[in-house]
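The exercises that follow are meant to be worked through with the sequence and the coordinates open side by side. Each one sets a task and then gives a solution in steps.

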Amino acid sequence: MTHKRNVEGIRLNAQRKRQAALTRADEAIRLLVKENRPVNFKSVAETAGISIPFLYQNEALKQRIIHLRSQT
């Protein structure tokens with residue numbers, strides 16, 4: 001007998017967590033720019049409470065940080 005597992009709840013929770021992390025990263029970037037602090041992967045990760053690899057894995061965030069980092 002094969003059992004089909006209902007993983008939809010797990011999938012939805014993962015999507016919510018990812019979206020919350022993206023929102024925190026965006027808010028952290030805005031705060032750093034507003035406070036005229038350096039924008040780099042470490043400062044964004046620490047301010048947002050997320051991991052540095054998460055920032056590198058998201059191409060839009062990665063490019064935004066690289067762009068802002070070069071302006072400082």
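## Exercise 1: Glu-27 and its exposure

At 48% relative accessibility, Glu-27 counts as partly exposed. The model is a predicted one, and the task is to place Glu-27 in its helix and to state how far it lies from Ala-60 in sequence and in space.

Solution. Begin with the class: the exposed label requires over 50% relative accessible area, and Glu-27 has 48%, so partly exposed is the class that applies. Next, the secondary structure places Glu-27 in helix α1. Finally, Glu-27 and Ala-60 are separated by 33 residues along the sequence, while their C-alpha atoms are 14 Å apart in space.

## Exercise 2: The nonpolar core

Find which members of the largest nonpolar core touch the most other members, and determine which helix gives the most residues to this core.

Solution. The core comprises 17 residues, of which Val-44, Ile-50, Leu-55, Leu-61 and Ile-65 touch the most other members. Turning to the helices, at least two residues of this core come from each of α1 (8-34), α2 (41-48), α3 (52-57) and α4 (59-71). With six residues, α1 gives the most to this core. As a last step, take Ile-50 by itself: once neighbours within four places in sequence are set aside, Ile-50 is in contact with Ala-21, Arg-24, Ala-25, Ala-45 and Leu-55.

## Exercise 3: The packing of α1 against α4

Classify the relative orientation of α1 and α4, and then describe the composition of their contact.

Solution. The axes of α1 and α4 are 12 Å apart, and the two helices pack at an angle of about 10°. Angles under 35 degrees count as roughly parallel, and α1 is therefore roughly parallel to α4. On the α1 side the contact is made by Leu-22, Ala-25, Asp-26, Ile-29, Arg-30 and Val-33, and on the α4 side by Leu-61, Arg-64, Ile-65 and Leu-68. Sorting the residues of this contact by type gives seven nonpolar, no polar and three charged.

## Exercise 4: Salt bridges within helices

How many salt bridges does the structure hold, and how are the partners Glu-8 and Arg-11, Asp-26 and Arg-30, and Glu-46 and Lys-42 placed along their helices?

Solution. The structure holds five salt bridges, and the steps below take up some of them.

1. Glu-8 and Arg-11 are joined through their side chains by a salt bridge with an N to O distance of 3.3 Å. Both residues belong to helix α1 and are three residues apart, about one turn of the helix. Glu-8, at 39% relative accessibility, is partly exposed, and Arg-11, at 47%, is also partly exposed.
2. Asp-26 and Arg-30 form a salt bridge in which the closest N and O atoms are 3.0 Å apart. These two residues also lie in helix α1, four residues apart, about one turn of the helix. Arg-30 has a relative accessible area of 55% and is thus exposed. Following the bridges further, one arrives at a network of salt bridges that links Asp-26, Arg-30 and Arg-64.
3. Between Glu-46 and Lys-42 there is a salt bridge whose closest N and O atoms are 3.9 Å apart. Because Glu-46 and Lys-42 are four residues apart in helix α2, about one helical turn separates them. Both of these residues are exposed.

## Exercise 5: Two loop residues

Locate Asn-36 and Ser-51 in their loops, state what sets the phi of Asn-36 apart in sign, and give the distances from Ser-51 to Ala-21 and to Asn-13.

Solution. Asn-36 lies in the loop between α1 and α2, where its relative accessible area of 71% makes it exposed. Its phi is near 55°, a positive value in a residue other than glycine. Most residues other than glycine have a negative phi.

Ser-51 lies in the loop between α2 and α3 and, with a relative accessible area of 38%, is partly exposed. From Ser-51 to Ala-21 the separation is 30 residues in sequence and 9.4 Å in space, C-alpha to C-alpha. Asn-13, a residue of helix α1, is 38 residues from Ser-51 in sequence and 18 Å from it in space, again C-alpha to C-alpha. At 40% relative accessibility, Asn-13 counts as partly exposed.

How values were computed: Residues numbered from 1 in each chain as written. Predicted model: local features only at pLDDT ≥ 70, side-chain atom pairs only at ≥ 80, totals over all residues. Heavy atoms only, no water. Core = buried A, V, L, I, M, F, W, Y, C linked by side-chain atoms within 4.5 Å. Buried < 20%, exposed > 50% of the residue type's maximum accessible area, 1.4 Å probe, protein only. Contact = heavy atoms within 4.5 Å. Axes fitted to C-alpha atoms, helices over the stretch in contact; angles between N-to-C directions. Parallel < 35°, antiparallel > 145°, perpendicular 65-115°, else oblique. Nonpolar A, V, L, I, M, F, W, Y, C, P; charged D, E, K, R; others polar. Salt bridge = Lys/Arg side-chain N within 4 Å of Asp/Glu carboxyl O.
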